[in-house]
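Q: I'm new to this structure and would like to start small. Could you pick one part, walk me through it closely, and then show me how the rest fits in?

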Amino acid sequence: MVEVYYYLPVQHADNVIDCGLKLSDWFDKEVRIGGDLKKCLSALLNPKDDLEKYRSSEYKCVKLELSPNYCYAADKALFVAGHNYPQVMELYEKSIIPVKDYRFGSYRLPECLVTSTVIAGHISPLDKRLDSPVLFDNSEELYINNIIEAYKEEHDDFNHCLLYFFYCRLAEIGKVDKIEDNRNRIAVFTDKQSGSVTTIRIPDVWEYK
């Protein structure tokens with residue numbers, strides 16, 4: 001069985017827990033899976049992947065226990081961007097895989113596409129204190145950390161690159177003053193408000209292959 005999370009308006013939560021979650025009533029999108037257009041409701045792999053609803057008193061999070069045969073992982077970030085860019089929507093559809101094949105941290109905003117009705121007995125309220133622990137705070141944080149760690153293993157100066165280009169952007173928008181000593185490969189950034197000084201080694205991005 002697969003455990004995923006779904007947010008319900010509080011006024012509907014008790015009824016759904018008692019009577020089930022009917023796909024035809026609750027589906028929020030239709031997507032092409034395996035060549036067929038299927039109605040889906042979008043659940044989460046981590047309840048904190050929607051912090052606004054997690055913290056809201058207007059929604060109640062329930063845990064769904066499902067057969068993996070009716071669950072698919074997809075990258076919701078691609079779906080959102082795909083509304084404006086058809087080529088990105090194609091990437092979204094390509095991102096849809098059986099949930100059992102999904103590796104945590106692969107997608108920025110993973111969602112679980114549920115393609116069946118969830119019957120009563122497989123729906124329970126989430127107890128934020130006592131329920132099944134999750135291994136990471138939220139999926140987006142894990143996704144970003146995985147990318148950073150992969151580049152850090154490949155490039156010893158990756159942290160310098162991150163800081164350097166971040167501070168260069170701050171200089172572009174007028175938050176800091178920048179002085180670059182290219183001979184010694186040192187950049188000096190001075191915060192215009194606090195006066196604090198940060199020195200960063202200038203990375204040689206041309207060495208990246």
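A: Two strands pair if DSSP finds at least two bridges between them. Strands (E, at least two residues) and helices (H or I, at least four) are DSSP runs, numbered from the N terminus. Bear in mind that this is a predicted model, where local features need pLDDT of at least 70, side-chain atom pairs count only at pLDDT 80 or more, and totals for chains, interfaces and linings use all residues. Residues are numbered from 1 along each chain as its sequence is written, and side-chain values use heavy atoms, leaving out hydrogens and water.

Let's zoom in on strand β4. Three bridges link β4 to strand β8 (residues 123-125), and the pairing is antiparallel. β4 also pairs with β1, again in the antiparallel sense, over eight bridges. A handy residue to find here is V62. Y6 stands opposite V62 of β4, and the bridge partner of V62 in β8 is P125. So what holds such pairs together? Strands of a sheet pair through backbone hydrogen bonds, in either the parallel or the antiparallel sense.

Side chains join in too. K63 forms a salt bridge with E3 (a salt bridge is a side-chain nitrogen of Lys or Arg within 4 Å of a carboxyl oxygen of Asp or Glu), with the closest N and O atoms 3.9 Å apart. K63 is in strand β4 (residues 59-66) and E3 is in strand β1 (residues 2-9), so this pair ties together parts that are 60 residues apart in sequence. Are the two residues buried or exposed? Buried means under 20% relative accessible area, exposed means over 50%, and partly exposed is in between (1.4 Å probe, protein chains only). K63 counts as buried because its relative accessibility is 9%. E3, on the other hand, has a relative accessible area of 35%, so it is partly exposed.

Now for the wider picture. There is an open sheet of five strands in the order β2-β3-β7-β5-β6, with antiparallel pairing. β2 (29-33) and β6 (97-98) sit at the edges with a single partner strand each, which means one side of each is left without a neighbour in the sheet. At the β6 edge, two bridges join β6 to strand β5 (residues 71-75), and the two run antiparallel. If you want a spot to click on, A73 stands opposite I97 of β6.

How many salt bridges does a search of the whole structure find? The total is 10. You've met the one between K63 and E3, and here are a couple of others. E149 and K152 meet through their side chains, at 3.4 Å from N to O. Both of these residues lie in helix α6, three residues apart, which is about one turn of the helix. E149 has a relative accessible area of 39% and is therefore partly exposed. K152 also counts as partly exposed, because its relative accessibility is 33%. Helix α6 covers residues 139-154 and includes I147 as well. I147 is another partly exposed residue, at 35% relative accessibility.

Another salt bridge joins K178 to E180, where the closest N and O atoms are 3.6 Å apart. K178 is partly exposed, with 39% relative accessible area, and E180 counts as partly exposed at 28%.
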